[in-house]
Amino acid sequence: MTERIYQPELDGLRALAVVGVLLCHLGLTWLPGGFVGVDIFFVLSGYLITRLIAVEILETKRFSFGNFYIRRIRRLYPALVSTVIATWLAAVLLLSPAQLENFAASAIAALFSYSNILFYLQADYFDALSTTKPLLHTWSLSVEEQFYLLWPLTLLLAHRLFGRRGMVAALAAICVASLALAQFWLDADRTAAFYMLPARAIELGLGALVVFLPALRNRWLLNAATIIGCAAMIVPMVLYTEATPFPGLSALLPCIGAALFIAGSKSDAAAPFRLGPVAWIGRISYSLYLVHWPLIVLWRAFTYRPIEWTDALLLGGLSVLLAWLQYALIEQRFRRPVAGRNRVVIGALVAMAIALSITSATALATGWAWRVPAERITAVVNPIDTPDCQQWNPQLDRELVTCQNFRERPKDLFVWGDSHALHLAPGLFKVFDDYNVYILYRSACTPQSGFGGYVRQYASEGDEQECVERNRSALQFFLDGPPRNIIITSAKRDTPELMAGITEPIVRQLQAAGNTVAVLGDFIRPAVNLVDCTAAPRLVVSDAWIEARCTGDARIAADELAYNQAMQALLPAFVSPNDAQCPRGVCQFFDGARLLFRDDHHLNDAGATLFMTRVKPLLPF
């Protein structure tokens with residue numbers, strides 16, 4: 001059993017983990033896998049908490065749940081509450097009503113330890129909207145807190161039933177089951193694999209297993225464990241990216257590395273981790289983890305541009321400063337139980353949590369829209385929810401043709417694609433007013449998925465297969481029917497060479513069946529949610545600053561213009577929207593003061609109408 005003594009090198013391990021996360025979130029391109037720092041934290045938490053629990057059980061044959069949870073609350077909750085309060089104050093000044101609604105829900109979730117469940121239900125970690133969620137990072141705290149809730153009872157029952165060996169056996173079984181589930185979920189439900197405790201238990205469990213291993217005594221073995229462990233943690237930080245299937249087997253490398261480091265932590269090779277500045281970063285790592293992400297998100301909510309290197313320096317330094325202040329003023333004052341004062345402290349924390357939750361609940365419905373001048377707010381309407389999309393042709397399948405505008409016109413126009421086909425609907429209805437307009441739409445289901453060996457990646461394998469089957473049904477629908485006018489369009493996916501190569505045979509089949517086909521390129525997205533950008537409270541964000549910042553991302557616009565140009569050169573049926581939206585290379589996201597998008601990549605009614613008016617002469621029907 002491991003001795004319960006302070007180990008400064010473990011603070012050094014915390015420093016490695018939190019610096020990896022911080023630099024990754026600041027956008028350093030040479031450390032794209034810094035997010036594995038969270039997994040290192042899980043291993044270390046599993047080790048420290050299991051050591052605390054197991055020593056008490058093995059020494060006393062019992063366990064004080066009250067003392068354990070008091071210590072956990074005092075250690076974690078004060079800094080969390082102070083972070084939520086500070087973030088709330090900034091959010092009220094900077095966030096749009098829609099953003100504040102989401103933030104309010106996440107504040108309640110963070111305070112009651114179900115952030116991981118909330119964010120699982122909303123989106124995956126690398127979704128574009130993740131950069132607008134100041135408390136997204138609290139998902140990992142919720143995982144740990146759920147672990148704390150279950151783990152003491154699990155170990156105590158295992159010990160009472162089977163003794164020390166039973167504790168180890170139960171731990172090993174949990175690790176194996178968790179790894180199998182995580183790997184299964186990577187195919188079935190990637191978001192669950194990322195956020196949910198059952199898939200992360202393997203990481204906490206690896207740290208826990210170290211507690212029960214015989215202590216290493218040989219100097220060479222200690223140094224080898226430390227060096228190999230460091231390499232196994234740092235290599236993924238450099239090589240892993242957002243595209244790496246994670247967690248599952250990919251998480252084993254940094255997690256085993258962390259476990260090896262802990263096992264060899266008394267080695268000479270761990271000396272750099274004991275250095276004062278390194279250990280100091282480790283000691284403030286909890287607060288640093290708490291404050292850095294809200295700071296980054298709120299900075300972007302103010303500037304609405306990617307983080308530049310000067311921003312990264314400023315935000316990194318400010319994160320460390322705020323973390324140190326929170327560590328000194330909050331963490332250190334509340335972390336240790338004091339006889340006679342625990343009830344007062346916990347009662348005060350509970351009262352603040354309730355007050356914050358009530359405050360948050362009042363913002364859930366409207367996002368406190370009173371903060372924002374009415375002229376800054378743009379209505380957001382999804383075409384699928386409008387009556388215009390529900391004028392059904394009795395001869396068409398509603399499950400396949402999901403938006404139907406049947407007006408008993410002499411001609412039909414069919415549009416096949418994803419949500420970037422649907423967002424054209426208001427414009428198509430107006431510009432093609434002598435047509436019945438039908439849209440075969442499924443969100444994120446690019447029409448090429450299922451052909452030429454290409455499958456559009458979804459969070460779950462079931463969604464991928466549904467998209468494939470839907471596209472094959474759509475193609476067969478067109479091939480079996482009378483000649484039709486067809487637009488194929490979707491968001492940009494993969495490379496122009498790949499997509500053009502898959503699309504060309506589809507077009508040829510449709511044309512051979514007598515159909516008139518155009519492949520309409522995707523309009524250039526601002527890559528910034530201009531609805532939220534313009535709907536900022538006036539107290540901090542002036543009209544002049546809105547005009548200056550709500551311009552879209554020029555670098556992404558340049559890439560997308562080049563994408564359309566490449567598609568046009570490769571695919572004869574391709575119709576580029578570049579000149580319609582971006583004359584002389586300057587892309588239009590506003591028409592005067594009128595916004596043309598309803599989020600960071602979907603056109604609104606005004607945008608669809610304006611751009612489709614310009615594109616219509618380019619189409620073959």
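This tour visits one helix, one residue packed against it, and one pocket.

The model is predicted, so local features need pLDDT of at least 70 and side-chain atom pairs count only at pLDDT 80 or more, whereas totals for chains, interfaces and linings use all residues. Residues are numbered from 1 along each chain as its sequence is written, and side-chain values use heavy atoms, with hydrogens and water left out.

Select helix H15, residues 342-363; helices are DSSP runs (H or I, at least four residues) numbered from the N terminus. Its end C-alpha atoms lie 32 Å apart, in agreement with the 32 Å expected for 22 residues at 1.5 Å a residue (1.5 Å times one less than the number of residues).

Colour H15 by burial (buried is under 20% relative accessible area, exposed over 50%, with a 1.4 Å probe and protein chains only). Among its buried residues are Val 345, Leu 349, Leu 356 and Ser 360. Seen down the axis, the buried residues fall within an arc of 110° and so line one face of the helix (directions from the axis to the C-beta atoms). On the other side, Arg 343, Val 344 and Ile 358 are exposed. The cover over the buried residues includes H3, H4 and H14.

Next, select Ala 107 in H4 (residues 97-111). Ala 107 is buried, at 0% relative accessible area. Beyond neighbours within four places in sequence, its contacts (heavy atoms within 4.5 Å) are Val 84, Trp 88, Leu 135 and Ser 360. The C-alpha atoms of Ala 107 and Trp 88 are 8.3 Å apart.

Finally, display the lining of the second largest pocket, which divides into 17 nonpolar, 6 polar and 11 charged residues.

Notes
Nonpolar A, V, L, I, M, F, W, Y, C, P; charged D, E, K, R; others polar. Helix = DSSP H or I, 4+ residues; strand = E, 2+ residues; numbered from the N terminus.
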